[in-house]
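Biologist: Could you take me through this model? I have some short questions about it.

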Amino acid sequence: MGKLKVAHGTYPSHLHEEGTKAYKWCFSNGIIIGPVPLWKENFGKWTVEIRMNGKVSTDPAKYEMDSIMHKVYEYCDYYYNKYKKDEE
């Protein structure tokens with residue numbers, strides 16, 4: 001059997017519970033990092049949006065659906081490691 005097709009724009013599932021520790025910490029601390037579907041000429045591709053301190057930043061790179069959550073977790077780990085130590 002082939003792969004089940006998922007409609008573009010459907011939020012990707014989290015890959016595993018361990019990867020969500022930094023994700024949850026960021027969310028709880030007002031750092032919102034998530035996948036955003038692209039449309040028009042980039043239909044089928046995704047990017048990462050980061051909302052923090054009232055500012056929105058968008059990763060200029062484009063990702064496939066099967067790799068977008070890896071990049072989201074990478075950003076979450078970065079911010080977790082950067083700011084978590086300030087709390088200790």
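Modeller: The turns below go through the fold, the sheet, two residues and the cysteines.

Biologist: Before that, what kind of model is this?

Modeller: This is a predicted model.

Biologist: How many helices and strands are there in the chain?

Modeller: The chain has 2 helices and 3 strands. Along the sequence they follow the pattern α-β-β-β-α.

Biologist: And what share of the residues is buried?

Modeller: Of the 88 residues in the chain, 33% are buried. The accessible surface of the chain comes to about 6400 Å², and carbon and sulfur atoms contribute 54% of that surface.

Biologist: What part of the contacts comes from residues 24 or more positions apart?

Modeller: Taking the contacts with a separation of 6 or more, 48% are between residues 24 or more positions apart.

Biologist: On to the sheet. In which order do the strands lie, and is the pairing parallel or antiparallel?

Modeller: The 3 strands form an open sheet in the order 1-2-3, with antiparallel pairing. Strand 1 (32-37) and strand 3 (55-58) are the edge strands, each of which pairs on one side only. From one strand to the next, the twist averages 25°.

Biologist: What holds paired strands together in general?

Modeller: Strands of a sheet pair through backbone hydrogen bonds.

Biologist: How many bridges do strand 2 and strand 3 have?

Modeller: Strand 2 and strand 3 pair over 4 bridges, in the antiparallel sense. Met-52 has Lys-55 of strand 3 as its bridge partner.

Biologist: Where is Thr-47 found?

Modeller: Thr-47 belongs to strand 2, which covers residues 46-52.

Biologist: Why does Thr-47 count as buried?

Modeller: Thr-47 counts as buried because its relative accessibility is 4%, and the cut-off for buried is under 20%.

Biologist: Which backbone oxygens does its side chain reach?

Modeller: The side chain of Thr-47 reaches the backbone oxygen of Asp-59 at 2.4 Å. A polar atom of the same Thr-47 side chain lies 3.2 Å from the backbone oxygen of Ala-61.

Biologist: What else is Thr-47 in contact with?

Modeller: Leaving aside neighbours within four places in sequence, the residues in contact with Thr-47 include Gly-34, Pro-35, Val-36 and Leu-38. Thr-58, Tyr-63 and Ile-68 are also among them.

Biologist: Change of topic: where is Phe-43, and is it buried or exposed?

Modeller: Phe-43 is in the loop between strand 1 and strand 2. Phe-43 counts as exposed because its relative accessibility is 52%, and exposed means over 50%.

Biologist: Which residues is Phe-43 in contact with?

Modeller: With neighbours within four places in sequence left aside, Phe-43 is in contact with His-8 and Leu-38. Phe-43 and His-8 are 35 residues apart in sequence, and their C-alpha atoms are 7.9 Å apart in space.

Biologist: Last topic. How many disulfides does the structure hold?

Modeller: The structure holds 0 disulfides. Cys-26 is in no disulfide, and the nearest cysteine sulfur, that of Cys-76, is 4.5 Å away. Cys-76 is likewise in no disulfide, with the sulfur of Cys-26 as its nearest cysteine sulfur.

Biologist: Why is that pair not counted as a disulfide?

Modeller: The pair is not counted because a disulfide requires the sulfur atoms to be within 2.5 Å, and the sulfur of Cys-76 is 4.5 Å away from that of Cys-26.

Biologist: Are these two cysteines buried or exposed?

Modeller: Cys-26 counts as buried, at 0% relative accessibility. Cys-76 is buried as well, with a relative accessible area of 0%.

Conventions. Residues are numbered from 1 along each chain as its sequence is written. This is a predicted model: local features need pLDDT of at least 70, side-chain atom pairs count only at pLDDT 80 or more; totals for chains, interfaces and linings use all residues. Side-chain values use heavy atoms; hydrogens and water are left out. Buried means under 20% relative accessible area, exposed over 50%, partly exposed in between (1.4 Å probe, protein chains only). Contact means heavy atoms within 4.5 Å. Accessible areas come from the Shrake-Rupley method with a 1.4 Å probe; for residues, only the protein chains shown count as cover. A polar contact is a pair of N or O atoms within 3.5 Å; within protein, one must be able to donate a hydrogen and the other to accept it, and residues adjacent in sequence count only if both atoms are side-chain atoms. Two strands pair if DSSP finds at least two bridges between them. Axes are lines fitted to C-alpha atoms, for helices over the stretch in contact, and angles run from 0 to 180 degrees between N-to-C directions.
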